[in-house]
Amino acid sequence: MITQLTQTTHWTDVFKTTKGAIYQCDAERCWYVDFAGKVARFDYRCLLKLRKSVYHIDIEHALLNTAKDPDVEIIFICACDHCYVLTLIQIIALKELLEGTFVMLELNRILNDKLVISQ
């Protein structure tokens, strides 16, 4: 886990919200997720696993649940070094951040495909 932004290589902003940001580092071939007070390094496979685990959380069920369970989810990704303990509000914010990131990645792929075809 990287607790401070000790950036020695160039990071490209992929997507930002008021709660966090995701950066791409081409030199290290990885992604940095700045969220919930920490910056975590992910390879693409682990970033996909993070997205999958966040998308699988049933937020509606958790919000409508009247039991006295804590409104906290632990997101642990197998084969990754990072673990998040997040409230439901933070999960919604992380989901928004990941959705925006993958939309930007897909848009970038579409633009690259169109540019290659037009050449």
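**Figure 1. Glu106 in a salt-bridge network of helix α3.** Glu106 is partly exposed, with a relative accessibility of 36%. Here, buried means under 20% relative accessible area, exposed means over 50%, and partly exposed lies in between (1.4 Å probe, protein chains only). This is a predicted model in which local features need pLDDT of at least 70 and side-chain atom pairs count only at pLDDT 80 or more, while totals for chains, interfaces and linings use all residues. Residues are numbered from 1 along each chain as its sequence is written, and side-chain values use heavy atoms, with hydrogens and water left out. Glu106 forms a salt bridge with Arg109, at 2.5 Å from N to O. A salt bridge places a side-chain nitrogen of Lys or Arg within 4 Å of a carboxyl oxygen of Asp or Glu. Both residues belong to helix α3 and sit 3 residues apart, about one turn of the helix. Helices (H or I, at least four residues) and strands (E, at least two) are DSSP runs, numbered from the N terminus. Arg109 is partly exposed at 41%. Asp113 is also partly exposed, at 34% relative accessibility. Asp113 and Arg109 are 4 residues apart in helix α3, again about one turn. Their closest N and O atoms are 2.6 Å apart, a salt bridge. Through shared partners, Glu106, Arg109 and Asp113 join into one network.

**Figure 2. The salt bridge between Asp43 and Arg45.** The closest N and O atoms of this pair are 3.6 Å apart. Asp43 is partly exposed at 32% relative accessibility. Arg45 is partly exposed too, with a relative accessible area of 44%. The whole structure holds 5 salt bridges.

**Figure 3. An open antiparallel sheet of 4 strands.** The strand order is β1-β2-β3-β4. Two strands count as paired if DSSP finds at least two bridges between them. β1 (12–16) and β4 (38–42) are the edge strands, each pairing on one side only. From one strand to the next, the twist averages 20°. Strands of a sheet pair through backbone hydrogen bonds, either parallel or antiparallel.

**Figure 4. Strands β2 and β3, and the helices on the sheet.** β2 (residues 20–25) and β3 (residues 30–35) run antiparallel and are joined by 6 bridges. Ala21 has Asp34 of β3 as its bridge partner. Helix α1 (residues 44–55) packs on the sheet and touches β3 and β4; the directions of α1 and β4 make about 120°. Helix α3 (residues 88–118) also packs on the sheet, where it touches β1, β2 and β3; its direction makes about 130° with that of β1. Axes are lines fitted to C-alpha atoms, for helices over the stretch in contact, and angles run from 0 to 180 degrees between N-to-C directions.

**Figure 5. Thr101 of helix α3.** Thr101 is buried, at 0% relative accessibility. Setting aside residues up to four places away in sequence, Thr101 touches Val14, Phe15 and Ile22. Contact means heavy atoms within 4.5 Å.

**Figure 6. The β5 and β6 hairpin.** β5 (residues 72–76) and β6 (residues 83–87) run antiparallel, joined by 5 bridges. Glu73 has Leu86 of β6 as its bridge partner. Between the strands lie 6 residues, and in this hairpin Ala79 takes a positive phi near 70°.

**Figure 7. The largest nonpolar core.** A nonpolar core is a set of buried Ala, Val, Leu, Ile, Met, Phe, Trp, Tyr and Cys residues joined through side-chain atoms within 4.5 Å. This core has 27 residues; Phe42, Leu50, Ile75, Tyr84 and Leu94 touch the most other members. At least two residues each come from β3, β4, α1, α2 (59–64), β6 and α3. The largest share, 8 residues, is from α3. Another core lies apart from this one, with 7 residues, among them Trp11, Tyr23, Cys25 and Tyr32. In soluble globular proteins, nonpolar side chains tend to be buried together.

**Figure 8. The surroundings of Ile75.** Neighbours within four places in sequence are left aside. The contacts of Ile75 are then Leu50, Ser53, Val54, Ile57, His82, Cys83, Tyr84, Leu86 and Leu94.

**Figure 9. Confidence along the chain.** Mean pLDDT (the predictor's confidence in each residue, from 0 to 100) is 89 for the protein chain. Of its residues, 94% reach 70 or more. Among the elements, β2 has the highest mean, 96, and α2 the lowest, 87.
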